[in-house]
Amino acid sequence: MANVEPDDLDLILLCTSTPEDIFGDAPKVLILLDAYLNSNLFMLWQSSKVQRELGCTKSQLAHDITAACSGFVLGLFSASCYIKGGGFRNVLVIGADVMSRFVDWTNRGTCILFGDAAGAVACDAEEDGLLSFDLHSDGEGARHLGAPINDNENGSVLEFPPNRSSYACVQMNGKEVFRFAVRCVPQSIESALEKAGLTASNIDWLLLHQANQRIIDAVATRLEFPPEKVISNLANYGNTSAASIPLALDEAVRSGKVKPGHTIAAAGFGAGLTWGSAVIRWG
């Protein structure tokens, strides 16, 4: 949609907390992208084995960003920094999570809430629409939302060889996460708007991480955004973590809601606890 070829990219940022490789999946993305664009299904399957033979002319920087539901906003911020301070011109920011791997399918309190998805945006230096950001974290809140390592499987650190590590399913205190989101997210959006020299009345669309409709409604009410200016597709896909913002944005663009020149206030929030906002001018 952005008319950007894989070799035009200077950087790939993959925002995910569910990688297939704990050392990072981003370096593989360009190889997969090239294979997909050339409709080479065998290459897609074999991509990690034939990287040297693919003939990519550039060795673009690519790395992962792990921040769960805040990941995509942090990816946009990183892209902005690379463009404005690092001389990068074309940056691909991807949000992708496979939450079905990390939910307890016997716990209806969490398993029905999440979905799997991926979305991406291409950021470029010539049309830099990343106007401002506001980012925060609070490690004290980590106990309310996370997927920690299973300590009881690791044994003593003095034992050798150590047991193979694994991670617990998603654990969430829904009431505390709700309180955190409706308190911190409006403040963050207001701060980002102030940095951009804008007010809520200048914003065409409010685009929040699609975690919970009650959170979306409460944040919109506190910021006095009318419902018709709030983008939501939560009912169709559930909480898709780092993918939720680009997924909802893509649908809003394709449907004609979001048009070139529109200004969007976006916010991600979740595990960490982390939260952040971005003011974006689309197109």
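The following exchange goes through a predicted model, from the whole chain down to single residues.

Colleague: How many helices and strands are in the chain?

Modeller: The model is predicted, and confidence limits apply to its local features. The chain has 283 residues, and 46% of them are buried. Its secondary structure comes to eight helices and eleven strands.

Colleague: What share of the contacts with a separation of 6 or more is between residues 24 or more positions apart?

Modeller: The accessible surface of the chain is about 15,000 Å². Carbon and sulfur atoms hold 52% of that surface. As for the contacts at a separation of 6 or more, the share from residues 24 or more positions apart is 71%.

Colleague: Are the axes of α5 and α6 parallel, perpendicular or oblique to each other?

Modeller: Two packed helices are described by the angle and the distance between their axes. Helix α5 spans residues 174-196 and helix α6 spans residues 213-222. Their axes come within 9 Å and cross at roughly 40°. An angle over 35 degrees but under 65 is neither roughly parallel nor roughly perpendicular, so α5 and α6 are oblique.

Colleague: Is the crossing of α5 and α6 left-handed or right-handed?

Modeller: The angle alone, roughly 40°, is given for the N-to-C directions of the axes. The hand depends on which way the near helix is turned from the far one. For α5 and α6, the crossing is right-handed.

Colleague: Which residues of α6 meet α5, and how do the residues of the contact divide?

Modeller: From α5 come F178, A181, V182, R183, V185, P186 and I189. From α6 come R214, I215, A218, V219 and R222. The residues of this contact divide into nine nonpolar, no polar and three charged.

Colleague: Is K175 buried or exposed?

Modeller: K175 lies in helix α5. H144 is 31 residues away in sequence, yet the C-alpha atoms of K175 and H144 are 9.0 Å apart. The relative accessibility of K175 is 63%, and the cut-off is over 50%, so K175 is exposed.

Colleague: What is phi of the residue that follows α3?

Modeller: Helix α3 covers residues 71-86. Its buried residues are G71, F72, V73, G75, L76, S78, A79, S80 and I83. G87 comes after α3, and its phi is positive, near 75°.

Colleague: Which residues does K229 touch, leaving out those up to four places away in sequence?

Modeller: K229 is in the loop between α6 and β9. It is partly exposed, with a relative accessible area of 22%. K229 and L206 are 23 residues apart in sequence and 6.2 Å apart from C-alpha to C-alpha. The residues touched by K229 are A200, I203, D204, W205 and L206.

Colleague: Where is the cis peptide bond that leads into L273?

Modeller: Most peptide bonds are trans. L273 is in the loop between β10 and β11. Omega is near -10°, and the cis bond runs from G272 to L273.

Colleague: Is A68, with its positive phi, buried or exposed?

Modeller: Most residues other than glycine have a negative phi. A68 has phi near 50°, and its place is in the loop between β2 and α3. Its relative accessible area is 13%, and the cut-off is under 20%, so A68 is buried.

Colleague: Is E224 buried or exposed?

Modeller: E224 is in the loop between α6 and β9. It is not a glycine, yet phi is positive, about 60°. At 71% relative accessibility, E224 counts as exposed.

Note on methods. Residues are numbered from 1 along each chain as its sequence is written. This is a predicted model: local features need pLDDT of at least 70, side-chain atom pairs count only at pLDDT 80 or more; totals for chains, interfaces and linings use all residues. Side-chain values use heavy atoms; hydrogens and water are left out. Helices (H or I, at least four residues) and strands (E, at least two) are DSSP runs, numbered from the N terminus. Buried means under 20% relative accessible area, exposed over 50%, partly exposed in between (1.4 Å probe, protein chains only). Contact means heavy atoms within 4.5 Å. Accessible areas come from the Shrake-Rupley method with a 1.4 Å probe; for residues, only the protein chains shown count as cover. Axes are lines fitted to C-alpha atoms, for helices over the stretch in contact, and angles run from 0 to 180 degrees between N-to-C directions. Angles under 35 degrees count as roughly parallel, over 145 as roughly antiparallel, 65 to 115 as roughly perpendicular and the rest as oblique. Ala, Val, Leu, Ile, Met, Phe, Trp, Tyr, Cys and Pro count as nonpolar, Asp, Glu, Lys and Arg as charged, and the others, Gly among them, as polar.
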